[in-house]
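Me: Could you take a close look at one helix in this model for me, and tell me how it sits against its surroundings?

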Amino acid sequence: CLLAEYLINEKEIKGPLARTVSTTTMLDRIASAHGLDVIETPVGFKYQAQALMERGALLAGEESGGLSIKGHIPEKDGILACLLAAEMAAAQPLAKRLEQLAESYGTVSTHRLDVHCQPKQKETILSELNNWRPRQLADSDVTDIITIDGWKYQLADGSWVLVRASGTEPLFRIYAEAETPERVSELQQEVAGQLGMDSSG
């Protein structure tokens, strides 16, 4: 998010902001403020690379921190990320930039909860997810369901919950983003409970 603001405001580079379905929607707030589009993709940097090469994305990033920018290689580059962070810090301390980001766009908390299950239970939950259309989650209306990679439930209060199944293990990953850590946990527990997952361990 800091880098998006830096590239747009100080480097005066424009273009869509690309992120995976599990990455913070704080980027959406930034894009909206600058009249830019957001490209939401499945998890995996290969999809971000496509956004850079084929759709002219200014910045492409994923939940794990991998990113690249327009005009650079279409692959996540940690060295580039560190150099750009150093460049930003040289102009203004990153802590100050974070304060300004919060003043402009508010704050969010994001967390991933891994819930293990039995292989048979995983099949049952996957089948249920295909038909699960809750109208509310934790007292907030569900406004949209995105299924490009898992099941992402966007809520009227601006928060969201994403359920993704591991491709190799009997577990589900429940991502959530909201204004506070407490709200994030509430959403994750609500989804886990409604789907019959044991999130205690």
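Reply: Sure. Buried here means under 20% relative accessible area, exposed means over 50%, and partly exposed is in between (1.4 Å probe, protein chains only). Bear in mind that this is a predicted model, where local features need pLDDT of at least 70, side-chain atom pairs count only at pLDDT 80 or more, and totals for chains, interfaces and linings use all residues. Residues are numbered from 1 along each chain as its sequence is written, and side-chain values use heavy atoms, with hydrogens and water left out.

Now to α7, residues 181-194 (helices, H or I of at least four residues, and strands, E of at least two, are DSSP runs numbered from the N terminus). The 14 residues of α7 reach 20 Å from first C-alpha to last, close to the 20 Å expected at 1.5 Å a residue; that expected span is 1.5 Å times one less than the number of residues.

Its buried residues are Arg183, Val184, Leu187, Gln188, Val191 and Ala192. Looking down the axis of α7, they fall within an arc of 165°, so they line one face of the helix; the arc is that of the directions from the helix axis to the C-beta atoms. Over on the other side of α7, Glu182 and Gly193 are exposed.

What does the buried set of α7 pack against? Those residues pack against β5 (109-116), β6, β7 (140-146), β8, β9 (160-165) and β10 (171-178), with contact meaning heavy atoms within 4.5 Å. Just past the end of α7, glycine 196 takes a positive phi of about 75°.
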